[in-house]
Amino acid sequence: MTAVGVLALQGSFNEHMAALRRIGVKGVEIRKAEQLQAVDALIIPGGESTTMAKLAHYHNLFPALREFVRTGKPVWGTCAGLIFLANEAIGQKSGGQELIGGLDCIVNRNFFGSQLQSFETELSVPKLAEEEGGPNGFRGVFIRAPAILEVGHDVEILADCPVPLETKKSMSVDNGQEEEIVSRERVIVAVRQGNLLGTAFHPELTSDLRWHSLFLKMKKDSSDRCLQRVPTSGTDLEDSLGKRPFDLPIYE
Ligand SMILES: NC(=O)CC[C@H](N)C(=O)O
């Protein structure tokens, strides 16, 4: 049995479920710790990480989520999910927030500014193109997005992007940002470390399924077993890539 869990407490879990359907993989919405036992991989969607953390705490999910990461099963965090997976987050609301951890990086929670400063940009993704085919570019949808400021030795950088002028203008030492952060020209926005994947943007909001496909190929450490796609008629990745405009956003 192969199934991919999508943490469904809050945020863009429906969009990830839809992307999994399009790729022909069974998605399971996860709201309780015991449901994690039935899945081989987990996606933690974007949303609002403080709220998500409160809900995860309320439902006593943290121990099971940490155990899931610890056992080496593939876990992918997008946006708020990336923050959740990081070992350290800065720019948290007062009182802080609980993280799952495991991904050896420091994220800045709202690096690119407020909701109004959300943006789309063409990212250069040579590694993704090498492994999944398709163009070297990927439409990055950044919604009140975090950025990765530092990574550990075992972390592979899959994409970075220039800091938009808008972000630069609104960032200042006066606003409490450190000088080193304010002066950055580029920041990291996609990483991989063993079976953990993190993206600061939202691939589930585009019709380009390559990040989902890449994630599905990540092996479980202990069994070296690849997740296999369950074929469903007309939804295979190759079909999707062949028939659909490659990078148009989907808002379904
Ligand atoms: N689109 C998103 O997931 C935004 C995440 C947001 N910056 C947070 O703190 O949770």
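Glutamate 204 counts as buried, because 27 C-beta neighbours lie inside 10 Å, and 20 or more are enough for that class. The model is a predicted one. Glutamate 204 is located in the loop that links β12 (196-199) to α8 (210-216). If residues up to four places away in sequence are not counted, glutamate 204 touches Ser12, Glu15, His16, Ala19 and Thr78. Of these partners, Glu15, His16 and Ala19 are also among the buried residues of helix α1.

**Annotated site**

An unreviewed UniProt entry lists Cys79, His202 and Glu204 under "active site". These residues span 126 residues in sequence, yet no two of their C-alpha atoms are more than 11.0 Å apart, so they gather at one spot.

Cysteine 79 sits in the loop between β4 (75-78) and α4 (80-85). With 29 C-beta neighbours inside 10 Å, cysteine 79 is classed as buried. Neighbours within four places in sequence left aside, the contacts of cysteine 79 are Gly46, Ile143, Ala145, Pro146, Ala200, Phe201 and His202. The list includes His202, which the UniProt entry also names under "active site".

The backbone of cysteine 79 has a positive phi, near 55 degrees, in a residue other than glycine. Most residues other than glycine have a negative phi. Asparagine 60 likewise has a positive phi, near 55 degrees, and is not a glycine. Asparagine 60 lies in the loop between α2 (49-58) and α3 (62-70). Asparagine 60 counts as exposed, because 10 C-beta neighbours lie inside 10 Å, whereas cysteine 79 is buried.

**Ligand shell**

Which residues are closest to the ligand? They are Gly46, Ser49, Cys79, Ala80 and Ile143, in a surrounding set of 13 residues. By class, this shell has six nonpolar, four polar and three charged residues. Cys79 thus appears both among the closest residues to the ligand and in the UniProt "active site" list. Gly46 and Ile143, also among the closest to the ligand, are contacts of cysteine 79.

**Neighbour counts**

The table sets out the neighbour counts of four residues.

| Residue | C-beta neighbours inside 10 Å | Class |
|---|---|---|
| Cysteine 79 | 29 neighbours | buried |
| Glutamate 204 | 27 neighbours | buried |
| Valine 151 | 19 neighbours | partly exposed |
| Asparagine 60 | 10 neighbours | exposed |

Valine 151 belongs to strand β9 (residues 147-151). Its class is partly exposed, because 19 C-beta neighbours lie inside 10 Å and buried residues need 20 or more. Valine 151 touches Asp104, Cys105, Ile157, Ile188 and Val191, residues up to four places away in sequence not being counted. The C-alpha atoms of valine 151 and glycine 77 are separated by 15 Å, and the two residues are 74 residues apart along the chain.

**The N-terminal strands and helix α1**

Strand β1 (residues 4-7) sends Val4 and Val6 one way and Gly5 and Leu7 the other way, and all of them are buried. In a regular strand the side chains alternate between the two faces of the sheet. β1 runs parallel to strand β2 (residues 27-30), and four bridges join the two. Within this pairing, valine 4 stands opposite glycine 27. From β1 the chain crosses through α1 to β2 in a right-handed β-α-β crossover. β1 is also joined to strand β3 (residues 41-44), by three bridges and again in parallel. Glycine 5 has leucine 42 of β3 as its bridge partner.

Helix α1 (residues 13-23) is mostly covered, with eight of its eleven residues buried. The buried ones are Phe13, Glu15, His16, Met17, Ala19, Leu20, Arg22 and Ile23. An α-helix has 3.6 residues a turn, so residues three or four places apart point the same way. After α1 comes glycine 24, which has a positive phi, near 90 degrees.

**Whole chain**

The protein chain contains nine helices and twelve strands. Of its 252 residues, 40% count as buried. Among contacts with a separation of 6 or more, residues 24 or more positions apart account for 73%.

Notes. Residues numbered from 1 in each chain as written. Predicted model: local features only at pLDDT ≥ 70, side-chain atom pairs only at ≥ 80, totals over all residues. Near = placed C-beta within 6 Å. Nonpolar A, V, L, I, M, F, W, Y, C, P; charged D, E, K, R; others polar. UniProt positions renumbered as here; feature names shortened; annotations may be inferred. Buried ≥ 20, exposed ≤ 12 C-beta atoms within 10 Å, placed from the backbone. Contact = placed C-beta atoms within 7 Å. Pairing = 2+ DSSP bridges. Right-handed = clockwise from strand over helix to strand, strands pointing away.
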